[in-house]
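Welcome! Here are some short exercises for getting to know a protein model, each followed by a worked solution. Try each task yourself before you read on.

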Amino acid sequence: MGKLVCVTGASGYIASWLVKLLLQRGYTVRATVRDPDDPKKTEHLRALEGASERLHLFKANLLDEGAFDTAVTDCDGVFHTASPFYHDVQDPQAELIDPAVKGTLNVFASCAKFSSIKRVVVTSSMAAVAYNRLTRAPDVVVDETWFSDADACREAKSWYILSKTLAEEHAWRFAKEAKMDIVTINPAMVIGPLLQPTLNTSAAAILKLINGSPTFPNATFGWVNVKDVAEAHILALEDVSASGRYCLVERVVHYSEIVRILHELYPEYKLPSKCADDRPFVPTYQVSKEKALKLGINYIPLEVSLKETVESLKEKKFAKL
């Protein structure tokens, strides 16, 4: 209550919910965005309860050295969420890898200048955990000791996964050298209600299914609600015993199961009836919930998360229904 924190990339999907929950808890929040004068990036933040008294917007670009100095001065904690997430990239190095890696190092360099900062909580991803040469199968349990393999990501041209993998590697290296206390939050595909007016990548995956796509991808992912992810960030700052990494996955399912649940929830919708290819379905796997539960996360069920996502997409007029 009354503590001063900074949230980088505050206009993003997870970050917007994080700002909302922080304000609800009485924190004073410094929120960094690339353009504070862009209403699409800031209007929904300014409208949050408590924003007029305790939300302060700062202009900062991930690639500018020292850009975060002012925003993190005298803060008790910093949440580094800023990192691009999209698939259609022309120049992976410039569009994804540099902002993720250099951005993390720039934010950390600013944080290292101020002894008031007790902990930095980093929004990482299951992308930095589960993508390596190990077999994923229904009886395999992925946990926080797993790390993605940068070389395997390069070979597969999985540029977003590579960006998150490298960013987390650099984060731990910097933290060790600078003796900085950091915790990473590693969510899977994040869904649930949207606060921001723009469509984010993970919600777009659900939108595609309900907007008439004839097929669903042959892919298996973990899924988690955005509110649980935001909550985990705050718990990771507040709990002095929190440490290391936290995988956040309510359930791992194939896209066919997502379609099945959506069909049960919305029998009137025209949902895809076949897979995008004829190969065997990509197998599911398990993700350990032990650390997340110990942190205090009681997961919102996938069915609820999907319903919240669809209702939010309808409310914001993204859905064609």
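Before you start, keep in mind that this model is predicted.

**Exercise 1. Is Tyr-255 buried or exposed, and which rings does Tyr-255 pair with?**

Step 1. Begin with accessibility: Tyr-255 has a relative accessibility of 6%, and buried means under 20%, so Tyr-255 counts as buried.

Step 2. Now look for the ring of Trp-223. The ring centres of Trp-223 and Tyr-255 are 5.8 Å apart, inside the 6.5 Å limit for a pair. Their planes stand at 85°, and over 60 degrees counts as edge-to-face, so this pair is edge-to-face.

Step 3. Place the two partners along the chain: Trp-223 is in strand 10 and Tyr-255 in helix 10, 32 residues apart, so the pair links distant parts of the chain. Trp-223 is buried too, with 1% relative accessibility.

Step 4. Turn to the next ring. Of the six aromatic pairs counted in the model, another is formed by Phe-221 and Tyr-255, with centres 6.0 Å apart and planes at 80°, so this pair is also edge-to-face. Phe-221 sits in strand 10 (residues 220-225), and Tyr-255 in helix 10 (residues 255-265), 34 residues apart.

Step 5. Put the pieces together: Phe-221, Trp-223 and Tyr-255 make up one aromatic cluster. Phe-221 is the partly exposed member at 24%, while Trp-223 and Tyr-255 are buried.

**Exercise 2. In what order do the strands of the open three-stranded sheet lie, and which are the edge strands?**

Step 1. Follow the pairing across the sheet: the order is 8-10-12, and the pairing is mixed.

Step 2. Find the strands that pair on one side only. These edge strands are strand 8 (189-191) and strand 12 (251-254). On average, neighbouring strands are turned by 40° against each other, direction ignored.

Step 3. Zoom in on strand 10 and strand 12, which pair in the antiparallel sense over four bridges. Phe-221, met in the first exercise, has Val-253 of strand 12 as its bridge partner.

Step 4. Add the helices. Helix 9 (residues 226-238) packs on the sheet and touches strand 8 and strand 10, with its direction at about 70° to that of strand 10. Helix 12 (residues 302-315) packs on the sheet as well, touching strand 8, strand 10 and strand 12, and makes about 60° with the direction of strand 8.

**Exercise 3. Which parts of the chain does the salt bridge of Glu-308 and Lys-227 link?**

Step 1. Check the distance: the side chains of Glu-308 and Lys-227 meet at 2.8 Å, N to O.

Step 2. Locate the partners. Glu-308 is in helix 12 and Lys-227 in helix 9, 81 residues apart, so the bridge links distant parts of the chain. Lys-227 is partly exposed, at 23% relative accessibility.

Step 3. Compare with Glu-264 and Arg-260, whose side chains form a salt bridge at 2.9 Å, N to O. Both lie in helix 10, four residues apart, about one turn of the helix. Glu-264 is exposed at 58%, and Arg-260 is partly exposed at 38%.

Step 4. Finish with the wider picture: the structure holds 15 salt bridges.

**Exercise 4. Which charged residue lies over the face of Phe-147?**

Step 1. Look above the ring centre of Phe-147: Arg-245 lies over the face, at 3.7 Å.

Step 2. Repeat the search for Tyr-246, where Lys-291 lies over the face at 4.2 Å from the ring centre.

Terms used
Residues are numbered from 1 along each chain as its sequence is written. Side-chain values use heavy atoms; hydrogens and water are left out. Rings of Phe, Tyr and Trp (its six-membered ring) pair if their centres lie within 6.5 Å; planes under 30 degrees apart count as stacked, over 60 as edge-to-face and the rest as tilted. Helices (H or I, at least four residues) and strands (E, at least two) are DSSP runs, numbered from the N terminus. Buried means under 20% relative accessible area, exposed over 50%, partly exposed in between (1.4 Å probe, protein chains only). A charge sits over a ring if NZ of Lys or CZ of Arg is within 6 Å of the ring centre and within 35 degrees of the ring normal. Two strands pair if DSSP finds at least two bridges between them. Axes are lines fitted to C-alpha atoms, for helices over the stretch in contact, and angles run from 0 to 180 degrees between N-to-C directions. Contact means heavy atoms within 4.5 Å. A salt bridge is a side-chain nitrogen of Lys or Arg within 4 Å of a carboxyl oxygen of Asp or Glu.
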